[in-house]
Amino acid sequence: PIYLIQCEQTGQDHYLGAIVLKTFAGRKHFEVIDGQQRLVTISLVLLAAIDTLQQWAAAGLDADANQQRAILIRDRFLSTQDPASLTFTSRLKLNAHNDGFYRANLLQLRAPVAPARLPDSDKLLWRGFQFFRQQLTERFPVAQADAQSLARLVETLADRFLFIQIQVSDELDAYTVFE
């Protein structure tokens with residue numbers, strides 16, 4: 001989160017490199033060839049911010065406004081909510097090993113039943129989320145519950161973290177980009 005804080009304090013952009021995307025004809029979906037870890041990390045920061053806002057709302061701290069902030073951040077960056085089941089559908093699909101945990105636990109903000117039994121890669125995702133949640137808790141203690149500043153921090157992430165987007169039509173083109 002140091003880059004996020006620096007961007008917020010200095011107003012400068014932070015370049016996060018190139019993201020290579022495989023495009024599909026006629027679809028608005030992409031396969032991320034390179035850049036998955038950066039996107040997942042950013043999503044963990046956003047989920048930690050949403051969780052913080054929801055905890056403040058549950059504690060009665062500007063409940064309606066904080067719940068609305070959490071919804072806006074989730075809708076804008078991470079997922080849509082199914083009106084029937086009320087579960088969230090991710091805009092980001094992880095690899096086959098981690099997608100289930102990401103969607104069922106992290107995206108729904110549900111702690112795993114037995115974190116110690118998780119596969120190593122899911123443990124890393126859970127620890128990453130907990131790390132960012134702890135960082136936000138330290139930066140925005142409940143006693144000060146400055147939701148507007150937290151929301152501005154999220155906007156800083158959206159506005160100041162920059163990527164180059166490279167779209168390719170197949171893996172062969174992706175390998176050409178890497179060379």
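## Exercises: a pocket, a sheet and a helix pair

In the largest pocket, helix H2 supplies the largest share of the lining, nine residues. Keep in mind that you're looking at a predicted model. Let's work through it.

### Exercise 1: the pocket

Describe the largest pocket: what is its volume, and which residues lie nearest its centre?

**Solution.** Start with the volume, which comes to about 1400 Å³. Next, go to the middle: of the 39 lining residues, Val-32, Leu-39, Val-40, Leu-92 and Lys-93 lie nearest the centre. Then see which elements give two or more residues to the lining: strands S1 (14-23), S2 (30-34) and S5 (161-168), along with helices H2 (36-58), H3, H5 (120-139) and H6. Finally, sort the lining by class, and you get 21 nonpolar, 11 polar and seven charged residues.

### Exercise 2: the sheet

Work out in what order the strands of the open sheet run, and which of them are edge strands.

**Solution.** Trace the three strands across the open sheet and you'll read S2-S1-S5, with mixed pairing. Now look for strands that pair on one side only: these are S2 and S5, the edge strands. From one strand to the next, the twist averages 40°.

Zoom in on S1 and S2: they're joined by four bridges and pair in the antiparallel sense. For a landmark, find Leu-21, which stands opposite Val-32 in S2. You've met Val-32 already, as one of the residues nearest the centre of the largest pocket.

Last step: add the helices. H2 packs on the sheet and touches S1, S2 and S5, and its direction makes about 115° with that of S1. H6 packs on the sheet too, touching S1 and S5, at about 45° to the direction of S5.

### Exercise 3: two helices side by side

Decide how H3 and H6 are oriented to each other: roughly parallel or roughly antiparallel?

**Solution.** First, what do we need? Two packed helices are described by the angle between their axes and the distance between the axes. For H3 (residues 63-78) and H6 (residues 147-160), the angle is about 10° and the axes are 11 Å apart. Angles under 35 degrees count as roughly parallel. So H3 and H6 are roughly parallel to each other.

Now pick out who touches whom. H3 brings Asn-66, Arg-69, Ile-73, Arg-76 and Phe-77, while H6 answers with Ala-147, Gln-148, Ala-151, Val-154, Glu-155 and Ala-158. Sorted by class, this contact holds six nonpolar, two polar and three charged residues.

Key:
Residues are numbered from 1 along each chain as its sequence is written. This is a predicted model: local features need pLDDT of at least 70, side-chain atom pairs count only at pLDDT 80 or more; totals for chains, interfaces and linings use all residues. Side-chain values use heavy atoms; hydrogens and water are left out. Axes are lines fitted to C-alpha atoms, for helices over the stretch in contact, and angles run from 0 to 180 degrees between N-to-C directions. Angles under 35 degrees count as roughly parallel, over 145 as roughly antiparallel, 65 to 115 as roughly perpendicular and the rest as oblique. Contact means heavy atoms within 4.5 Å. Ala, Val, Leu, Ile, Met, Phe, Trp, Tyr, Cys and Pro count as nonpolar, Asp, Glu, Lys and Arg as charged, and the others, Gly among them, as polar. On a 1 Å grid over the protein atoms alone, a cavity is a set of points where a 1.4 Å probe fits but cannot get out, and a pocket is an open set with protein on both sides within 12 Å along at least five of seven lines; lining residues have an atom within 4 Å of a point. Grid points are joined across faces, edges and corners, and a volume is the space filled by probe spheres set on the points. Two strands pair if DSSP finds at least two bridges between them.
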